[in-house]
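Could you walk me through this structure? I would like to see how its strands, helix and chain contact are arranged.

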Amino acid sequence: MALEHADVQRAAHLARLGLTDDEAARYVDDLGRILEMVDMLQGLDTEGVAPLAHPLDVTQRLRADEVTESDQRSCFQRCAPAVENGLYLVPRVVE
Amino acid sequence: MQWETVIGLEVHVQLATRSKIFSGASTAFGAEPNTQACAVDLGLPGVLPVLNEAAVAMAVEFGLAIHAEIPEVSVFDRKNYFYPDLPKGYQTSQMYQPIVGAGVVEITLEDGTTKPIRVHHAHLEEDAGKSLHEDFHGMTGVDLNRAGTPLLEIVSEPDMRSAKEAAAYLKAIHSIVTYLGISDGNMAEGSMRCDVNVSVRPKGQETFGTRAEIKNVNSFRFVERAIAFEVERQIELLEEGGKVVQETRLFDPERDETRSMRTKEEANDYRYFPCPDLLPVVLDKAYIDHLRDNLPELPAEKRARFENELGLSAYDASVLSATREMADYFDEVKDVCGDAKQAANWVQGELSGALNREGLAIKDSPVSARQLGELVARIIDGTINGKAAKQVFQALWNGQGSRADDVIEAQGLKQVTDTGAIETMIDQVIADSPAQVAQYRDAEPDKRGKMIGYFVGQVMKASRGTANPQQVNQLLKQKLDALC
Amino acid sequence: MHDKTLAELARSLEAGEFSSRELTQHLLGRIDRLDGKLNSFITVTYDQALAAADAADKARAAGEADLLTGLPLALKDIFCTQDIKTTAGSRMLDNFISPYDATVVEKLKAAGTVSLGKTNMDEFAMGSSNENSHYGAVKNPWDLTAVPGGSSGGSAAAVAAGLVPAAIGTDTGGSIRQPAAFCGITGLKPTYGRVSRYGMIAYASSLDQAGPMARSAEDCALLLGAMAGHDLRDSTCVARGVPDYTEELDTPLAGLKIGLPREYFGDGLDPQVEAAVRDAIKVYESLGASVREVSLPHTHYAIPAYYVIAPAEASSNLSRYDGVRFGHRCANPADLIDLYKRSRAEGFGDEVKRRILIGTHTLSEGFFDAYYKKAQQVRRLIRQDFLDAFEEVDVLMGPASPTPAFDLGAKKDPVSMYLQDIYTIAINLAGIPGMSVPAGFAGSRPIGLQILGSHFTEARLLNVAHQFQQATDWHRQRPAFAEENA
């Protein structure tokens with residue numbers, strides 16, 4: 001499946017990665033070759049094979065419904081880029 | 001042209017767990033911003049989710065309540081998008097294998113008829129945080145306390161045909177989740193929110209029209225109003241030869257209209273894939289059976305039992321089963337006093353009247369169901385009469401005593417049924433009322449019945465209301481007639 | 001002191017030959033003098049290390065010392081360490097002081113070990129050469145013009161250079177085994193789910209696993225015992241008892257059935273590497289093992305499947321680095337989208353962006369079935385290859401890497417770099433445990449023998465590796481770099 005410049009720009013936008021046109025051009029090339037390698041999978045017949053999401057056939061363990069965490073806001077916000085009154089600040093979101 | 005409205009609802013119900021769906025942080029409402037957002041909720045590097053058992057149990061209970069199939073395996077997926085209130089850059093949800101399969105909710109319309117609404121599925125997911133747009137120097141503030149609160153998203157089939165049906169469906173869901181105790185159902189606090197899909201089509205047409213999705217409608221009333229506006233807008237548009245655009249719209253309750261969100265939101269691509277940090281949830285039959293066996297009685301069952309087994313009128317049964325709090329209260333009064341009709345009368349009469357006067361919800365009633373039950377029991381066993389009972393109720397309401405028996409004792413309200421004691425009081429009243437006795441004696445026998453009221457009043461007064469009125473009547477009549 | 005294995009150091013500490021403080025000071029001194037040339041550490045935690053060493057010495061004096069008490073080690077900078085900078089080799093986290101400890105870190109602390117600091121790595125563990133670090137490339141102590149391997153290159157180089165006796169790494173597609181091979185040390189990637197991932201910065205969640213990197217199989221056994229075990233904070237960590245991994249080390253190998261996967265000895269395998277591996281197999285035969293050829297028919301699909309699954313998971317795992325709650329934030333964002341795009345463009349390096357883009361693309365609408373679903377189906381076939389092979393043999397052996405360490409800057413093309421992991425990557429897809437054990441040299445550059453077992457057979461793998469190390473001294477070789485500068 002060939003990769004176009006627009007595909008890279010679209011992925012970059014979905015992933016919120018700012019790319020210059022030069023970078024995007026370079027990635028078209030890189031990603032194109034990676035996908036070419038990946039396309040080898042298409043040659044393998046996997047009809048009827050169930051997808052495997054986890055290497056072990058184990059199931060989800062459930063946690064008891066208990067409050068185990070206490071307020072650590074000041075500790076957690078020490079590494080935050082911008083906070084005020086306990087809120088994380090971001091550029092104004094227009095709704 | 002005749003138009004038909006087609007409506008489907010996606011209802012998000014916040015589940016009433018103590019802790020979050022994937023972390024041990026509290027879900028309590030109203031805390032200081034970000035004080036209930038733990039490392040997992042914040043999506044700090046390296047953290048991992050672990051699923052809350054209660055959220056699973058609540059989802060399954062809902063499924064059982066709507067007679068849905070509960071698949072053995074369900075899987076969590078990631079829905080990827082960027083937003084400041086979505087800390088990890090993805091919402092953990094269930095796209096392909098939800099925890100609750102297809103089911104049915106029965107709605108009751110205003111004319112008393114019922115209609116089944118199919119539920120396509122219900123799935124578990126985590127709630128996002130909140131963005132606060134008050135002015136922080138032109139910035140938006142993000143509070144992640146709500147992030148990770150468990151949600152059950154209930155997706156209906158497009159089975160509703162009017163705003164009224166949609167509101168009835170939402171009420172039915174509300175009633176089920178509050179009966180199950182899996183949500184507080186508090187719409188003002190956002191515990192229940194809904195997205196409404198609305199389309200119209202010429203009556204008789206098979207295929208659906210293009211739908212608009214109205215986001216985040218958060219009251220029963222708004223659902224009706226939003227749909228009413230939207231239906232009118234779409235019909236008008238189509239009749240003028242226009243086309244309905246598939247889009248997301250917002251309901252503005254102040255202007256009573258829906259409007260396009262018009263975000264430059266390019267077609268979203270959420271890139272769902274199975275969450276590798278969570279394993280398949282496998283529910284065995286024993287677990288599901290255990291939950292089924294412990295399901296509380298649901299509204300429809302309760303109404304039927306009140307009517308059929310307790311012999312209440314259809315009206316009483318529906319009023320008393322309207323909310324779980326009301327039904328539970330009534331059930332307890334009935335169990336304590338042992339008489340369903342008396343219990344129903346008191347709950348709907350004295351109690352509801354007092355609650356209404358003070359604007360209180362039944363869960364905040366100063367008189368508990370046990371207290372009221374014990375009070376009604378004393379009427380039934382003849383310990384007090386109806387008049388005294390109202391006095392006792394008032395005393396309990398005002399907190400003067402904690403049990404009916406104590407109030408009866410303290411205020412000396414015990415009904416006097418001892419014939420000798422009543423006769424003594426009657427003799428005294430007759431002795432103190434020579435003029436009235438003379439009038440009675442002189443009256444035509446058929447007028448005497450009316451005149452006896454005076455004597456009854458005096459005896460009751462002398463007994464401070466505690467004498468058994470039937471006995472008083474009967475004995476007075478004997479004694480007065482003996483004087484004639 | 002800096003030459004010894006953990007087991008030997010433990011005996012010396014117990015015998016009172018030196019204290020944990022003296023050992024720690026000695027090693028911190030070596031890091032100061034030597035690491036300028038290697039760049040194997042991102043952060044050296046002098047004060048915390050000495051405090052932990054003192055506490056260990058005190059515990060020993062009080063008769064409360066455990067097996068690992070007072071033993072120094074280093075942590076790959078992918079493990080969250082409370083109050084200590086935790087970068088994952090990325091500019092994105094250059095300012096991130098973790099508010100909490102990873103479970104592995106907690107467990108190693110509880111065992112009494114002394115962490116000297118955080119080792120360099122490929123950014124977010126994406127790489128096979130350690131050239132993708134924001135903090136610069138790491139050099140291979142055997143040859144400063146060679147790469148140490150990746151992504152746990154700093155851990156491997158530090159152990160090989162005698163800066164620390166052992167280090168903890170992580171392995172998503174070979175990131176413990178390949179650098180262990182390139183640096184001539186012993187490394188173990190445990191079964192997926194054996195060690196908690198909580199607090200280990202995620203690259204690809206269904207593949208990542210932490211493991212020990214040390215100078216002997218015995219040391220790996222000691223460390224795994226301390227690291228492994230159930231963790232209520234990690235849903236994928238299995239509830240399964242942790243055996244004493246040292247118990248079986250001395251079990252004789254007579255009767256051991258070794259399988260040689262045909263596909264691991266094909267085109268592209270460096271002849272010197274093949275010769276060293278075949279020599280190692282002969283040693284095993286002399287120890288009583290039998291050898292037969294087996295086939296893992298889907299081997300060549302492992303790299304393509306991996307480069308769908310790992311980037312897909314990574315693209316999602318790395319979305320949390322958005323400049324809002326922690327990590328790099330661009331200056332003066334014009335609006336929200338600008339905040340996201342510039343923070344992430346500035347914070348992430350080239351390889352990370354490449355994998356985010358690949359993962360985003362393959363998960364997007366219209367491509368999901370062809371890529372992601374297909375790769376997961378192939379993943380099942382790959383796992384089945386191993387399960388089938390382990391019906392016939394006890395362990396599989398082959399090279400850990402097709403070549404010895406390559407030169408710094410030699411692999412400019414991403415795909416040729418990816419192909420380096422041909423022998424290691426399938427193991428992560430299958431979730432089985434694997435080790436790399438020193439087995440010779442190509443000139444000055446070490447060669448690693450890879451040993452693979454079925455799920456949860458770590459004790460057997462360690463036994464097999466230990467017996468080899470009783471019969472050979474490849475693992476006792478030290479680079480001249482460590483000696484002449486001492």
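What follows is a short tour of chain B and its contact with chain C.

Keep in mind as we go that this is a predicted model. Let us begin with the strands. Strand β6(B), residues 103-108, pairs with strand β7(B), residues 114-126, in the antiparallel sense, and six bridges join them. If you want a place to look within this pairing, find B:Val105, whose bridge partner in β7(B) is B:Ile117. The two strands form a hairpin with five residues between them, and in the turn B:Gly112 has a positive phi of about 90°.

Strand β7(B) also pairs with β10(B), residues 150-156, again in the antiparallel sense, here over seven bridges. In this pairing B:Glu125 stands opposite B:Leu151 of β10(B).

Now turn to helix α3(B), residues 163-180. At 1.5 Å a residue, its 18 residues should span 26 Å, and the end C-alpha atoms are indeed 26 Å apart, so the two agree. Of those 18 residues, 14 are buried, which means that the helix is largely enclosed by the rest of the structure. After α3(B) comes B:Gly181, with a positive phi near 75°.

Finally, look at where chain B meets chain C. Here 26 residues of chain B are in contact with 36 residues of chain C. On the chain B side, α1 (39-42) and β4 (77-80) each supply at least two residues. By residue type, the side of chain B that touches chain C divides into 17 nonpolar, four polar and five charged residues.

Terms used. Residues are numbered from 1 along each chain as its sequence is written. Chains are lettered from A and ligands numbered from 1 in the order in which they are written. This is a predicted model: local features need pLDDT of at least 70, side-chain atom pairs count only at pLDDT 80 or more; totals for chains, interfaces and linings use all residues. Helices (H or I, at least four residues) and strands (E, at least two) are DSSP runs, numbered from the N terminus. The expected span of a helix is 1.5 Å times one less than its number of residues. A residue is buried if 20 or more other C-beta atoms lie within 10 Å of its own, exposed if 12 or fewer, and partly exposed in between; C-beta atoms are placed from the backbone. Two strands pair if DSSP finds at least two bridges between them. Two residues are in contact if their C-beta atoms, placed from the backbone, lie within 7 Å. Ala, Val, Leu, Ile, Met, Phe, Trp, Tyr, Cys and Pro count as nonpolar, Asp, Glu, Lys and Arg as charged, and the others, Gly among them, as polar.
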